[in-house]
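Colleague: Could you take me through one enclosed part of this model, residue by residue where that helps? I would like to see what surrounds it and how the pieces fit together.

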Amino acid sequence: MRSHPSPGAPSPGAPAPSASRIQTRSSPNIAAAGPSVGAPGPSSSAGHISPKSNQKKHKMPISMKMNDGSVVDKVLEFEEEHYHKIWFYGKPALISGGLVAINLVKKFLTPTQKSKFRSTSFGHFLDFEPLVFSGQLVHCMLLKEVFHLNPNEMMFKVHETLLKFSISDFALITGLNCAEYLSFCNEDGIPKQLPFGSSWLCSKYFPGKSSIYRGDLYDFLDQNQVKDDTDAIKLVLIFIVDYILLSKKDNKLVDKYLWHMVDSLDMFGSFPWGRKSFLLTLEYLKKALKGKQTDSQQDVIHYELFGFPTAFQIWIYECFISLPKTVISYNGPKIPRICSWSKAFKSKFFSLNEKFFDCEEVC
């Protein structure tokens, strides 16, 4: 198995991404689960996954801490298989604009403000291409999910290749800080102590409002420009975190702790927003199809994805040896790796299944 660089240290001369790099990655921040082998892939004729009659059992050594403080070594045995036994139509919805919202950031900031913004932890976002979200591509991969013991990762099997999506992949793709939460935060990544009431930034640009809806912030950036460079950068930082990385429905409020955290640009910049975004993204990817399976190929399952699923979409692109330009354009190796892709196009369910998920061109 190959070793891979940590999230904070991608090499400038990194080669073009390939799926062989993806399937064996292990996160440096989260304990990796053991090796696993899934059920065989779906039949292109019937559209069903046929489980093996003599499915292999896999062993995973673990150490369990007992109540008396002693440690007992055990070996777990489990059979791994695909969660979803048949293929069915699905239509995932990307809540908020994803990378398309980057266009609004570029429009809002003046040239001077853009130059200053590049020195922040999100400065590389100005280099992101406004990729179109490919819901069918994401849905096809979710149908390939297999059982995995590590709750902080997802495992997929395309033919005989296991593909693991972890926080290490998320960090390399997005270029975001995915380290552990800081000591002043609770287990959800929210600072334990914050001032009460509205922040001065919120009061200045949204007078008379104690709470701001995410749609209100979007409209403000779309219809205004702010002369104060520091204020403009702070508003964009809140927008990127709340609208792109931690996306949810427009009728939800901007989290109040963001307004207070951004008062200190040093605190805001050192916070591991990548970890928080990854965990939210993973949560909704994991439960996207839970309880939604249908036996009818006529039904379409609708569901929503929060967080930053565009990073998962980029990871899927990296899983395949070759991708036609009718699906996505690869612009060569760049850091972060999300900048390597542009001009994504929406594709049909069966077209994707035939070209990628029902073929063997996976590293």
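**A close look at the interior**

Modeller: Isoleucine 238 has a relative accessibility of 0%, so it counts as buried (under 20% relative accessible area; over 50% is exposed and anything in between partly exposed, with a 1.4 Å probe and protein chains only). Before we go further, please keep in mind that this is a predicted model, in which local features need pLDDT of at least 70 and side-chain atom pairs count only at pLDDT 80 or more, while totals for chains, interfaces and linings use all residues. Residues are numbered from 1 along each chain as its sequence is written, and side-chain values use heavy atoms, with hydrogens and water left out.

Isoleucine 238 sits in helix H8, which covers residues 229-245. Helices (H or I, at least four residues) and strands (E, at least two) are DSSP runs, numbered from the N terminus. Setting aside neighbours within four places in sequence, isoleucine 238 has contacts that include Leu201, Leu217, Val254, Trp259 and Phe268 (contact means heavy atoms within 4.5 Å). Leucine 258 is also among the contacts of isoleucine 238; the two are 20 residues apart in sequence, with 6.3 Å between their C-alpha atoms.

Now follow the chain into the loop between H8 and helix H9 (256-261), where you will find serine 247. Serine 247 is buried as well, at a relative accessible area of 1%. Its side chain reaches the backbone oxygen of glycine 307 at 2.6 Å.

Glycine 307 takes us along the sequence towards the part I would most like to show you, helix H12 and what lies around it. Ten of the ten residues of H12 are buried, so this helix is largely enclosed by the rest of the structure. Among these buried residues are Pro309, Phe312, Ile314, Trp315 and Tyr317. Glutamate 318 also belongs to H12, and it is buried with a relative accessible area of 0%. The side chain of glutamate 318 has a partner in the side chain of arginine 337, a polar contact at 2.8 Å (a pair of N or O atoms within 3.5 Å; within protein, one must be able to donate a hydrogen and the other to accept it, and residues adjacent in sequence count only if both atoms are side-chain atoms).

There is a feature worth checking in that stretch of sequence too: the peptide bond joining isoleucine 335 and proline 336 is cis, with omega at about -5°. Proline 336 lies in the loop between strand E8 (329-330) and strand E9 (341-342).

What packs against H12? One partner is helix H5 (residues 167-174), at an angle of about 95° and with the axes 10 Å apart. H5 is therefore roughly perpendicular to H12, the class for angles of 65 to 115 degrees. In this packing, Asp169, Phe170, Ile173 and Thr174 of H5 meet Ala311, Ile314, Trp315 and Glu318 of H12, which brings glutamate 318 back into view.

Then there is the sheet. Three strands make up an open antiparallel sheet in the order E4-E5-E6. Strand E4 (145-146) and E6 are its edges, each pairing on one side only (two strands pair if DSSP finds at least two bridges between them). H12 packs on this sheet, touching E5 and E6, and its direction makes about 155° with that of E6.

Within the sheet, E4 and E5 are antiparallel and share two bridges; glutamate 145 has phenylalanine 156 of E5 as its bridge partner. Strand E5 (residues 154-158) also runs antiparallel to E6, over five bridges, and methionine 154 is partnered by phenylalanine 165 in E6. The hairpin of E5 and E6 has two residues between the strands, and there histidine 159 takes a positive phi near 60°.

Is edge strand E6 buried or exposed? Five of the five residues of E6 (residues 161-165) are buried, so the strand is largely enclosed by the rest of the structure. Both of its faces are covered, with Thr161, Leu163 and Phe165 buried on one side and Leu162 and Lys164 on the other.

Helix H4 (residues 135-142) is mostly covered too, with eight of its eight residues buried; Gln136, His139 and Cys140 are among them.

For the wider setting, the protein has 13 helices and nine strands, and 51% of its 363 residues count as buried. Of the contacts between residues at least 6 apart in sequence, 73% join residues at least 24 apart.

Note on methods: Axes are lines fitted to C-alpha atoms, for helices over the stretch in contact, and angles run from 0 to 180 degrees between N-to-C directions. Angles under 35 degrees count as roughly parallel, over 145 as roughly antiparallel, 65 to 115 as roughly perpendicular and the rest as oblique.
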